[in-house]
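Colleague: I would like a close look at the empty space inside this protein. Please take the enclosed part and then the open part.

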Amino acid sequence: MKNGSRLAALGGVVVAGALALSACGSDDNNGGGDKTGATSAAAANIDCAKGAINAAGSSAQKNAIEEWTKVYTSKCSGANINYNPSGSGAGVQAFTSGQVAFAGSDSALKPEEHGPADARCKTGKAIDLPMVPGPIAVVYKLNGVDGLQLSPKTLAGIFAGKITKWNDAAIAKENSGAKLPSSEIKTLHRSDDSGTSDNFTKYLKATAPDVWSFEPGKKWVAPGGQGLKGSDGISTALKQTEGSISYVELSFASNNSLQTAKLQNGAGEYTEISPESASKAVQGAQIVGTGNDLALKLDYATKVAGAYPLVLVTYEIACEKGLPAEQATFVKSFLTYISSPEGQQSLTAQGYAPLPDNIATKVRETVKGLS
C-alpha cells in the first residue's frame with residue numbers, strides 16, 4: 001500500500017469540509033454573545049456554557065478544534081465557537097489585542113510576548129496549556145518513490161538550499177535501491193508567522209546545527225523556496241507540484257493523502273510518522289514553564305525506540321483569570337472538555353496524538369482553576 005494511502009487510513013474519521021463554526025453573536029470581537037450560564041450535558045460529560053466566543057491561531061490544530069467544536073455545540077444548546085485558523089503568530093496577536101478569548105499556538109509564548117499577553121488578562125497572567133500533540137510530517141511529491149528516508153543532516157541540507165537535486169549522493173545513500181530522479185528539489189515553506197515553522201526549524205537547529213545555521217522562529221528566514229500561507233496552502237501546492245517537499249501536520253498529510261518521509265531519530269532508526277510514534281517522543285517532554293504555565297521542552301534527538309522525532313505540541317493560550325465573566329466561564333467549559341479523557345481520545349482519529357497522562361493530569365488541574 002502506498003504511503004499516502006496508509007496515512008489516509010490512519011487519519012480515520014475525516015471532517016468533511018470546514019465546519020460552520022461562527023454563528024449568531026460572533027461579530028462581537030470580544031466574544032460576548034448571550035450571558036453565559038453552565039448547564040449539564042451528561043452524555044458527553046460536558047459542563048456546558050451558552051453564548052459565543054471567538055478564538056484564533058494555529059492552523060495545525062484546525063482539524064482537532066473542528067471536531068471538538070462539532071461535539072461541544074451538538075451537546076450544548078446555545079453555544080457557538082468561532083475559531084479562525086489564522087496561524088500562530090496572528091492568533092497570539094489577536095489574543096493580546098483582546099480580539100479573541102483564547103488563542104492556539106504551535107509554540108509557547110516567547111519572553112517578549114508574555115508582557116503584552118499578561119496585560120490583556122487584566123488581573124491574571126497568560127498561560128500556555130499544551131493540548132494537541134502532533135507529529136510534523138515531511139511531505140513530498142515524487143512519483144515512484146515511496147517511503148523516502150531522510151536523516152536530520154540531509155533534511156537540513158535540502159531546506160538550506162545545499163542539496164538541490166533529488167538524486168544527490170546524500171539522499172541516494174539513505175535510500176538504497178530507490179529510483180531517484182535528477183530533477184530539482186522544490187522546497188515549500190510557510191509564508192505566514194507559523195508555530196509549525198518554529199518547531200520545524202527548532203528541530204533542524206537541534207539535530208543538524210552544522211548544516212542549519214539559521215535561528216529558529218515563526219517567520220521563515222532561510223533563502224530560496226516558495227512561501228505559502230497556512231498548512232492548507234502548503235498541502236494544495238504540494239499536490240500540484242512534482243518534485244516538491246515541505247512540512248505539515250500529520251492530519252493535513254492524512255486528509256490529503258500526501259507522501260511522507262521516514263525520519264531518522266537519535267537512535268539511528270528511520271521511523272514512520274503516526275500518532276503512536278509521536279506519543280513516544282512527547283512522553284519525554286519536560287515542563288519548563290513556571291506556576292500554572294505548562295510550556296514544554298521537547299527532545300528532538302530522542303533515542304526512544306520507535307519514536308518519531310519531529311513533533312510539535314499546540315498550546316491554548318488563555319488567561320488564568322481576568323477575562324470578562326461570560327468569556328471566562330465559556331473558555332473554562334470548553335477547555336475542560338477538550339482536555340478531558342473523552343476530548344483527548346478523539347485526537348487519534350484526526351491524525352494527532354493524545355497528551356501523555358503525566359502532562360494531561362497537570363493540564364486538567366490547571367484548567368479547573370481558571371476563573
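Which helix gives the most to the lining of the largest cavity, and with how many residues?

Modeller: This is a predicted model, and what follows is computed from it. The helix is α11, residues 325–339, which gives 3 residues to the lining of the largest cavity. The count comes to 1 cavity of 30 Å³ or more, and the largest cavity has a volume of about 30 Å³. Its lining is made up of C319, L323, A328, V331, K332, L370 and S371. Sorted by class, that lining holds 5 nonpolar residues, 1 polar and 1 charged. K332 is the charged one and S371 the polar one, because Lys counts as charged and Ser falls among the others, taken as polar.

The open part is the largest pocket, which holds about 330 Å³ of space. It is lined by 16 residues, and those closest to its centre are K202, L296, K297, L298 and Y315. Three elements each give two or more residues to this lining: α7 (195–207), β15 (296–297) and β16 (311–319). Of the elements, β16 gives the most, with 3 residues. By class, the pocket lining divides into 10 nonpolar, 2 polar and 4 charged residues. Among the residues closest to the pocket centre, K202 and K297 count as charged, because Lys is placed in that class. L296, L298 and Y315, also in that central group, count as nonpolar, because Leu and Tyr belong to that class.

To put the two spaces side by side: the cavity has a volume of about 30 Å³, and the pocket has about 330 Å³. Helix α11 gives the most to the lining of the cavity, whereas β16 gives the most to the lining of the pocket.

Key: Residues are numbered from 1 along each chain as its sequence is written. This is a predicted model: local features need pLDDT of at least 70, side-chain atom pairs count only at pLDDT 80 or more; totals for chains, interfaces and linings use all residues. Side-chain values use heavy atoms; hydrogens and water are left out. On a 1 Å grid over the protein atoms alone, a cavity is a set of points where a 1.4 Å probe fits but cannot get out, and a pocket is an open set with protein on both sides within 12 Å along at least five of seven lines; lining residues have an atom within 4 Å of a point. Grid points are joined across faces, edges and corners, and a volume is the space filled by probe spheres set on the points. Helices (H or I, at least four residues) and strands (E, at least two) are DSSP runs, numbered from the N terminus.
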